Amino acid sequence: MEKTIDNWQAAQYDCALPDRQVPQETGAWFPAMVPGAVQYDLTALGKLENPYASSKAAFAAAWVAKSDWLYRAEFDTPSAAAQMETIFLRLKGVDTYSEVWLNGVLLGETANAMRIYEFPVNHETLRHRGKNKLLIRVKSHHRMIEGKIDETEKRLRNGRSPEGLLGKSLIRRYQRSFFAGSSLLNLGTGVLGIGVNRPVQLVMYPGAYLSDLCFRTERVSADKAFCTVLFTAERAGTGTVLRLILTDADGATAAEAETRADAGSASFTVADPKLWHPKGYGEPYLYALKAELVQNGAVVYECTRQIGVRTVTLAKQDSSGRKTFYFKVNEKKIVVHGQNHIPLDYIKCYGSPEEYDRLFKLLENQGVNMIRIWGGGVAEDDSYYELCDRLGILIWHDMFLHSNLYPDYDPEFVKEFLAEAEGVLKQARSHPCFCLVCGGNEQQEGWDEWGWKQAVDRFYGERLFQEYLPPLAARLCPDIPYIPNSPHGGKWAQSPVEGECHNWGNFYNSSKDPLFVTETCWTSESYSRPETLKKYMGLDVDAPEFSRPGWASRWQERTGLGLFNRMPYSNWFSVETLRSYLHGLELEQLRADYSALSMYRFRSPSNSGVIYWSHNKGGPLFQFGCVDYGGYPMMPYYAVKRVFAPIGVHAYRDVSDIVVMLSNHTAETADVMVEAVHLGRRGEPLGRWTRNVQAEAGGLVRVQRLEVLYEKVQSRTEEAFYVCALQDGNPLAEDMLFFCPFSEYDGEYRDLNVSVESAGADTWRLRLSAETPVRLVELESNHKLLFSDDYFPLAPGRDKIVEAFLLEKTVPEPIRLTASILGGPNKQSYILP
């Protein structure tokens, strides 16, 4: 039985008042959101300028994290509590240090925002009549590490700032929120969230219960799955029995087992098992595992978990001995289409259930089959893993170490870190989506390449992922592969020849045929959409000050961001207004991502997967990400979706030849017809080729090499080369090759032909066609819409069908769709039925 505590208030608390004494309920109380952060509560009351609003506001918010805050809530004890043998208070997340008091009794203390704490509550403390008073004194990040600053700075040489690298070394909270020359806030400083950022619950059991339940697939044969359940039973007396019942999706019993409650484990066999597969490789089939504790023939406790029968391994060399890096699920090689997940909110870390629902709709639409929970982020809730289970999305799970040195010489820090890691692994290990434990993010790279060796006497933090984590992972989840750090394997972080790499820096790095890519970046950046900047920063990009010459200096004055003028992928320099500049940055990122990701897919035969950096922006001005802070899919979202398609086609120039490639990232052999057309400015075909191709599962095929075709191009700015892959006459994928810089293509502009029809509730079907080659079609709306494709080229003579789905209504107006051509003079507008 669980009761969530709500109706919270908070007040600033005097840091000088002694710790571990009943807090004094003085001060000016205000309503507090839980889950939430003090910064947002103060902003809502007008007592703090929105930290996102400007660099000045971000710096001015520093005092909040330097203060103590007292939360309080009153609640009635549930009537059933009197019959409960076990009661505890569960805090799913406090950021970061706190004391927890119930009715004047200190229940416990927190020191780690990544951990879930459960504090025992006895009947003498709990009031069964009248109101209970719960107080949580959340303590200043700064003062809680004061006693460690001198020693840490002496050893790690990473400054004395709690908002910077030193704080990152010592405070177990969202690691990338600390300022290290930059932060995801991108306003020249860091703002450390503080408060109760996850739910608080009263949890009660009448007798025996399970504190841990772990399902594991040991092995799978042709017709059987051999499974183990590990468990810990609490308050189970002599004679208590654990009964396990596995049922399939139809409710039929698939397996049963029974053992003593103190046995700790049980095994059973599933006949003719239905396996869990990742997206694109079969159904992510889920069974229901019911666990019952039985005393004297009566069930005294039961719980049900969704589980999947599957095996997962990591291959690091092939049968010939050549180095490789790929995942096998149920002995089948998986080509990874992945995304790095950033905490949804820079200050409070977590989003609302509705925001997570929209996030997963975006992931599903994009064809993602793996998420990396990145070492710079935070631990997610069970519901996150459960959604991945249902959707067939694998999880690569970093432990929370990020691009920094850590005090592995401090027993207190090591103990806290390992308790955190144990909680994360126990939470993840039963989920079929869980496929990898990684010791952290970019520590090894920092030691090898970033000059740390010049500053310190040894690699501080190495012991955490090389000595302490491996045995912990082996004990808790021996069936899950472990790697010490990401990137790892080669002599340097971007090595393409061993392990996996973070392919940052420049486009050239994408041309080296990397085995596996865990992060991507091409020195391009973009910011959130104008609607998001207005909502979360109060910045109106259409205000006069940002719509006339001189806007760039006003933008820099407000945000600290200079004009970004490197546009090598699009050459689209549009700086007339702030709106046009933001649009140009998106376009540049689209072209950069599409160019580099196509290099992996179509010209890297050794590559077995890409995890894009990053799926979402954790703040309005975070430079990377293909979904903005407000949840709008941006231009690069669709570039990534196109490259992540099950079947892909691509054309590129090789000296004077034009080469056409076909890639099959499905689980089956594909028979495809590939059509190629050399197009003139008005859409006239200057050449046409077709070829039927068979591509094996996971295969890459050179469809055609059109020799010296490039030499036949008369006008590089007016001609294009279009390719399309079709199956049974239906287009599967397409690409358009330009013979000039993207911005210099000089096509003939004619309005698009567009028809719109309803395809169900909040769903529409668009049919588009063009009379001349179109470099880029842009579909936009006054609401938050998700498309099956957007920002795509369009060839004459072929209809394009696009599905549109409503993600969220954002304004009290009818849903309006606009269709336009990049650089074209007109926008066509439609009210969706």
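Which side chain does a polar contact of 3.5 Å join to that of tryptophan 522? In this predicted model, the partner is the side chain of aspartate 593, and the surroundings of tryptophan 522 are a useful place to return to once the protein as a whole has been described.

The protein holds 15 helices and 44 strands. Its radius of gyration is 28 Å, close to the 28 Å that the globule rule gives for 833 residues, so the protein is as compact as a globular protein of that length. Taken along the principal axes, the box that the C-alpha atoms fill is roughly 90 × 70 × 60 Å. Of the 833 residues, 60% are buried, and the accessible surface comes to about 32,100 Å², with carbon and sulfur atoms contributing 47% of that area. Among the contacts with a separation of 6 or more, 68% are between residues 24 or more positions apart.

With this outline in mind, tryptophan 522 can be placed in the loop between β28 (517–520) and α12 (530–537). The relative accessibility of tryptophan 522 is 1%, and because buried means under 20%, this residue counts as buried. Leaving aside residues up to four places away in sequence, tryptophan 522 touches a set of residues that includes Asn503, Gly505, Asn506, Phe507 and Ser510, and also Tyr569, Ala592, Ala596 and Tyr600. Aspartate 593, the partner in the polar contact, is likewise one of the residues that tryptophan 522 touches. Another tryptophan, at position 504, lies 18 residues apart from tryptophan 522 along the chain, and the two C-alpha atoms are separated by 6.2 Å.

The loop that precedes β28, running between β27 (499–503) and β28, contains aspartate 513. The side chain of aspartate 513 makes a polar contact of 2.6 Å with the side chain of serine 606. Serine 606 also belongs to the residues that aspartate 513 touches beyond four places in sequence, together with Arg322, Pro496, Ser604, Pro605 and Asn607. Serine 320 is 193 residues apart from aspartate 513 along the chain, and 18 Å separates their C-alpha atoms.

From these loops the description can move to a sheet. Three strands make up an open sheet in the order β30-β31-β34, and their pairing is antiparallel. At its edges are β30 (647–654) and β34 (700–706), each of which pairs on one side only. Neighbouring strands of the sheet are turned by 20 degrees against each other on average, with direction ignored. Helix α14 (residues 578–603) packs on this sheet and touches β30, β31 and β34, while the direction of the helix makes about 100 degrees with that of β30. Within the sheet, β31 (residues 657–664) and β34 are joined in the antiparallel sense over six bridges, and methionine 661 stands opposite arginine 702 in β34.

Strands of a sheet pair through backbone hydrogen bonds, either parallel or antiparallel. A further example of the antiparallel kind is strand β32 (residues 670–679) with strand β33 (residues 685–695), which pair over 10 bridges. These two strands form a hairpin with five residues between them, and glycine 683 in the turn has a positive phi of about 95 degrees. Strand β32 also pairs in the antiparallel sense with strand β35 (residues 720–727), over seven bridges. Methionine 673 can be followed in both directions, for its bridge partner in β33 is asparagine 692, and in β35 it stands opposite leucine 726. Strand β32 is mostly covered, with eight of its 10 residues buried.

How are the faces of strand β40 (residues 784–787) covered? In a regular strand the side chains alternate between the two faces of the sheet. In β40, Lys784 and Leu786 lie on one side and Leu785 and Phe787 on the other, and all of these residues are buried, which leaves both faces covered. Strand β40 pairs in the antiparallel sense with strand β42 (residues 800–808) over four bridges, and leucine 785 stands opposite leucine 806 in β42.

A last stop is asparagine 197, in the loop between α6 (165–170) and β10 (200–205). Asparagine 197 has a relative accessibility of 4% and therefore counts as buried. Beyond four places in sequence, asparagine 197 touches Pro35 and Gly36, then Gly93, Val94 and Asp95, and finally Lys348, Cys349 and Tyr350.

Methods:
Residues are numbered from 1 along each chain as its sequence is written. This is a predicted model: local features need pLDDT of at least 70, side-chain atom pairs count only at pLDDT 80 or more; totals for chains, interfaces and linings use all residues. Side-chain values use heavy atoms; hydrogens and water are left out. Two strands pair if DSSP finds at least two bridges between them. Axes are lines fitted to C-alpha atoms, for helices over the stretch in contact, and angles run from 0 to 180 degrees between N-to-C directions. Contact means heavy atoms within 4.5 Å. The radius of gyration is taken over C-alpha atoms; the globule rule is 2.2 Å times the number of residues to the power 0.38. Buried means under 20% relative accessible area, exposed over 50%, partly exposed in between (1.4 Å probe, protein chains only). Accessible areas come from the Shrake-Rupley method with a 1.4 Å probe; for residues, only the protein chains shown count as cover. A polar contact is a pair of N or O atoms within 3.5 Å; within protein, one must be able to donate a hydrogen and the other to accept it, and residues adjacent in sequence count only if both atoms are side-chain atoms.
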